[in-house]
Amino acid sequence: MQKHISDHIKLLITFSVLFFFAGCTQINRENEIVIWHNMRPEEKTVLQRQLDEFMQQNPGINVIELYKETEEMRSGYIIAAVGGQGPDLIYGPSDQVGPFAEMEIIKPLDEIFSSDYIYNFNENALIYSDGKLWQLADKLGNHLTLVYNKALVPVPPKTDKELIEIGKRTTLDLNNNGRIDQYGLVWNYTEPYFFIPFLTGFGGWVLDSLNNPTLNTPEMIKALKFIQDLRDKHKIIPSEADYDIADILFKEGKSGMMINGDWSWSSYGNAGIDYGISMLPLMTETGLYARPMVAPKGYSINVNVEDEKLPVVVELMKFLLSPEKQLETSLEVKTFPSRKEVYENPKLLEDEILIHSKKQIDEGIPLPIVTEMRAIWDAMRPSYQAVLGGAITPERAARNMQRDAELKIRELRETYENPVMEVVIQTGMILIVLLLLYIIRKSIVAFLKNLKRDAFAYYLVLPAMLIMLAVIFYPFVYNLIISLSNMSLAHIHDWSIVGFIQYVKVFTEPQFYEVFLKTIIWTLTNITFHVVLGVALALLLNRKLPGTTLFRTLLILPWAVPQYIVALTWRGMFNYEYGSINLILVKYLSLSPVEWLKSPVEAFAAVIITNIWLGFPFMMIIALGALQSIPQELYEAADIDGAKWYHKLKNITIPLIKPVMIPAITLGIVWTFNNLNVIWLVSNAGEPSDKTHILVSYVYKAAFNLYRYGYAAAFSFVIFLILLAFGLLFLRKTKATESVY
Amino acid sequence: MKNKKLLIINIFTYIFLIAFTIIALYPILNVFTISIRPNDRLLSTSLAIIPEGATFKQYIELFTNRPFLLWVWNSTIVSGVVTITGVALASTAGYALSRFKFIGKQVSMVGILTTQMFPATMLLLPMYIMLIKLGLLNSYLGIIIVYSATALPFCVWQMKGYYDTIPFSLEESARIDGCNRLQAFYKIIFPLAAPALVITALFSFMTAWSEYIVAAQILQDTKLYTLPLGLKSFQSNLTTEWGLYAAASLVVSIPVVALFIILSKWLVSGLTLGSVKG
C-alpha cells in the first residue's frame, strides 16, 4: 500500500511541476506602459504607428495597446482598478469618466497638466466633473450625420420635409414582387442613441441642469410619433432595422440615405458606395436642426499609476495629443481633432468629409458625462421599442420613460447606512458557524475515528476538492458579505454592512417573479429538448449503420464552433425581411412570416431555438458514452422474450443510462438557468423592451450595469439559493449521490 | 418480413439523421459564407451560400498577418494541461465517490455541484482580487487553476455516474487475484470507464478552449493571449472584422473536431462493458 501511495505522490509532483512551468510567465512591468482603448481597426493602426515612433524616441520604454470593447473595457477597468491594478492609460468615450471619477479610480488631470497646456484644447475636449478635469480628448465626434448614396440621392435633403419626399422617391419595389427592394432611409432606429437627434430637433432633451430626467415632454411625444410616421405613414424605412441590417442595406446600395456616426463612413467607401456626408435635417415645425450627441474620446490616467512612473505616462499622453499626431489621425481616419492649433491647418480645411463633419459637430450637443445617463438609456430603450412594436402609445411611452428613469436614478444613488448591522451580522455569522459545528460534531468524531479506514478515499477525492475549493471559496464568501452591504457607485471603496435590505429589495422587485417564471420556462424547454434530441440521436448513431461516423462528427459541430459567431448568425437568420427562417416559412411551408425579434414571445422563442441548437450535441455525446455501459446481452435476452422496442427503451436503455445522464442533466439545468451569453447575443441584451430576460441577464442589466454591487450580489445569492433548493430536491428524487452498489 | 421492417427502420434512421445534420450544418455554413464574403459583412440580404466575389483572403490573412498560430499554441498549452488535470483528478475523485463510503461524501457531492450555481459574473471581482494577492495575474497557472475548477464539477459527477454502472464484483475478483485497491482501480476499472474519460477529456478541453471572460480579466499581456481573446481582437464597436472573425471561428473548431474524432474510438467502441458484464 505504502508504495502505491508514493506512486501517487510522484504523479502529483509531476502535475505541480507542469503547473509551475505554465505559471512561469510573469513579466516585468516597470518600463512598460499599458493603454486600454476601444479604437476601431483603422484608428488602432494609426495609434500603433504613433506608439512605435514614441518607443523609438524613448528607448527602454515599451508601450502596449490593448483593444477592449467599450462595455467590457468599462467593467474590466473597474474590476482591475479597484483591485489596485489595470492599465496606465485608459482611452474611451467621455461618458465613462462619470463613473470612474465618482469611484475615484482615475487621477484628476488639472493637478498634472498646466493650465497653459490645457488652454490649447477645444473646450469640449476637456472633460470636467465636480470641478476637476478627468479626461483629455484627442477626438471630438462620435456624432451621427446623414450619409447619402450619391448614385441614388444626388442632393441631400436639408429639411425633414425634403427627407421624407426624397425618401418616398427612393423607396422602391424594383421587381414588382410586392416587396420593397430599396429603402429611402435606413438606420439603427431602435436604439435610443440613434433617436436623440429627432428628440433635440423637436426641442427636447434628456436631462435638466440638475440631472433630473426630462423625458415626459410634448417634444418627446412628437419625436416618437415622427419616427413612427417615417415607418408606418411615409413607409420610407424598413419595418425592422438594427445596426447590422441598416449597415448592410446601405453597403449593398439598397438604401438612398443612412444615419450613422463618423466611425462608419470609411467602411461605406470601402464597400464601393460613392457616399456623401450631410447635416441631419432641419425640422420645419420647430425651425431647429436635428442635433446628435457629440462625445469626445480621450485619455485618462489610472489612479494606481505610481509617482515614479507618472512622468513617462504624461510624456506619452502629450505625445499622442500633440497637434502633429492629431492632424495625422484626422486626415487618415476622418475623426475631428481637439487641438485648436490644428483647426486652421489647410489640409484639414480642404477635406470635404471633415468640413461636413465639423458643421455637424457645431450643431451637436455634448453627451452628458454624468452617471445618470446610463439610467436614461436603460429607461428609454424598453418604452421606445414598445412604441415601435405598437404595444403602447407615444404618450404612454413618454410617461413610462420618465417614471423608469427617475426610479433607476434613485436606485443608482440609493445608499443605506446601518452601523448596528455590522455587529449583528458578525455575531450572527459566528453563531451560525458554531451551530453548524455543533450539528456536525458527531460526524467530526466519526471522521477522526475512521480516518485511517477511509484514508484511501480521501486521498482520491482531496486533490479535486482542494482545487475547486481554492477557486470558489473566497469569491463565494466575498459575495455573501457584499450582498449584505451597501456597495455601490458611491460606496465602492468604503462600503459597510447594512443587513438584509438588499434581499428585501430583490423580493419586492415587481419584475422578479415574472422573470423567474421566464427563467423556468427557458430552462425546462431547453433541457427537455437537449436531452430528448441528444438521446434520440445517440440511439440512432449507436445502431452503427454505415455512415454513422460521418453523421456523428457533423452533428457535434454546433458544439465545436465558437458560440459568439453562431449566436449572431442565428440572430441574422431570424430577421423579418432577410432572414432565412422566414424565407423557409413563406416559400416552402406557405406560412406567414414571423416577426421574430420584434415581439416578446417570438423573440424569446428565437433565443430558445438558438440555445437548443447549441446544446443538443453535448447531450448527444454524453448519451453515446452512456449507451456503451449497457451490455448487449440484455437486448438479446429481451429479443428472445419478444419485447417491443419501446419496452426495451423503457426497461433497459433508460434505467441503465440514468446514472450517467443524471449528473449531466442536473448540471445542464444549472448551466442553462445561468446562461447569460445566448440571451445577450440573440436578443441583443433583452430586446424587445427587456422582455426576453432570464434572472442572470436581468441582474446583469438592472443591477450590475448600474453599479449596484450590493444588490447584484444579493440577487445572485437568491439565484444561488433557488438552484441549491432545486439541486437538493432533484438529487433526492434521483438518488444520484448514493452509490449503486 | 423481418428484413423489410428493418429496412424501413433504417430508412427512417437515415432520414432523421440527415434532417438533423442539415439543421446542425446550416448556421455553420452561414458562418462559412461570412468568412469568404469580400468585405466584412456579418449579414447580407442574399441567401446564397457562396457569396458574390467569394475569396479566401481572410484565411490567408489569418495565418500570415495575425498572431493566430501563437494563440493556437497558447490555447493548446492551457487546454492540454487543463484536460490532463481534469481527467486525472476527476477519474480518481469520481472513483472514490462511487465506490467508498466515507464521512462527508454526501456533502462533497452536493458541494461540488454548488460551485456551479453562483452566477459567474459576480465571481469575477473577488476572483481577480484573489489572483492579484497570489501573484497569479498574467500567468497561465492562475487561469489553469480556474479552468480546472470550472471543469471539474461536471467531470467528477460524470465519472462517478459512469463508475456506478460498472459492477463491484470486478474489483472483488481482481482483489482475489492479488491486486491491491489502487491496482484494481487503474488496471481494471479505469480502462472500462473509457467512454466517460473521453467525455471528461472533451469537456475539460472545451472549457479551456472557449473560455473568454476570465481570460480577458487575467491575461493582459498580448503574448499570452488564448484563442478566444485573440478572436475578440477582431471585434470592435460597430466595426468588427467579421470575415476574419468567421474564418478564425471555423479554424478554431477544427482541433475540437479532430480531438473528437480521435477520442471517438473509445467513446463508442462498445467493447468495454458489454463484454465483461452479464
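These questions and replies concern a sheet and a helix crossing in a predicted model.

Me: What makes strands E7 and E9 of chain A the edges of their sheet?
Reply: The sheet is open, with four strands in the order E7-E8-E6-E9 and mixed pairing. Strand E7 (183–187) and strand E9 (275–278) each have a single partner strand, so one side of each lacks a neighbour in the sheet. Neighbouring strands are turned against each other by 25 degrees on average, direction ignored.

Me: How do you know that E6 and E9 of chain A pair?
Reply: Pairing requires at least two bridges between two strands. Strand E6 (residues 144–149) is joined to E9(A) by four bridges, and the two run antiparallel. In this pair, A:Asn149 stands opposite A:Tyr275 of E9(A).

Me: Which helix lies across E6 and E9 of chain A?
Reply: That is helix H15 (residues 352–362) of chain A, which runs at about 30 degrees to E9(A).

Me: Why is H20(A) called oblique to H6(B)?
Reply: The axes of helix H20 (residues 451–483) of chain A and helix H6 (residues 140–164) of chain B cross at roughly 125 degrees and come within 9 Å. Roughly perpendicular covers 65 to 115 degrees, and roughly antiparallel begins over 145. The crossing angle of roughly 125 degrees fits neither class, so H20(A) is oblique to H6(B). The crossing is left-handed.

Me: How many residues of each class are in the contact of H20(A) with H6(B)?
Reply: There are twelve nonpolar residues, one polar and no charged. Among the residues that meet are A:Ala464 and A:Ile467 in H20(A), and B:Leu152 and B:Ser148 in H6(B). Ser is in neither the nonpolar nor the charged list, so B:Ser148 counts as polar.

How values were computed. Residues numbered from 1 in each chain as written. Chains lettered and ligands numbered in written order. Predicted model: local features only at pLDDT ≥ 70, side-chain atom pairs only at ≥ 80, totals over all residues. Axes fitted to C-alpha atoms, helices over the stretch in contact; angles between N-to-C directions. Contact = placed C-beta atoms within 7 Å. Parallel < 35°, antiparallel > 145°, perpendicular 65-115°, else oblique. Left-handed = near helix turned anticlockwise from the far one by under 90°.
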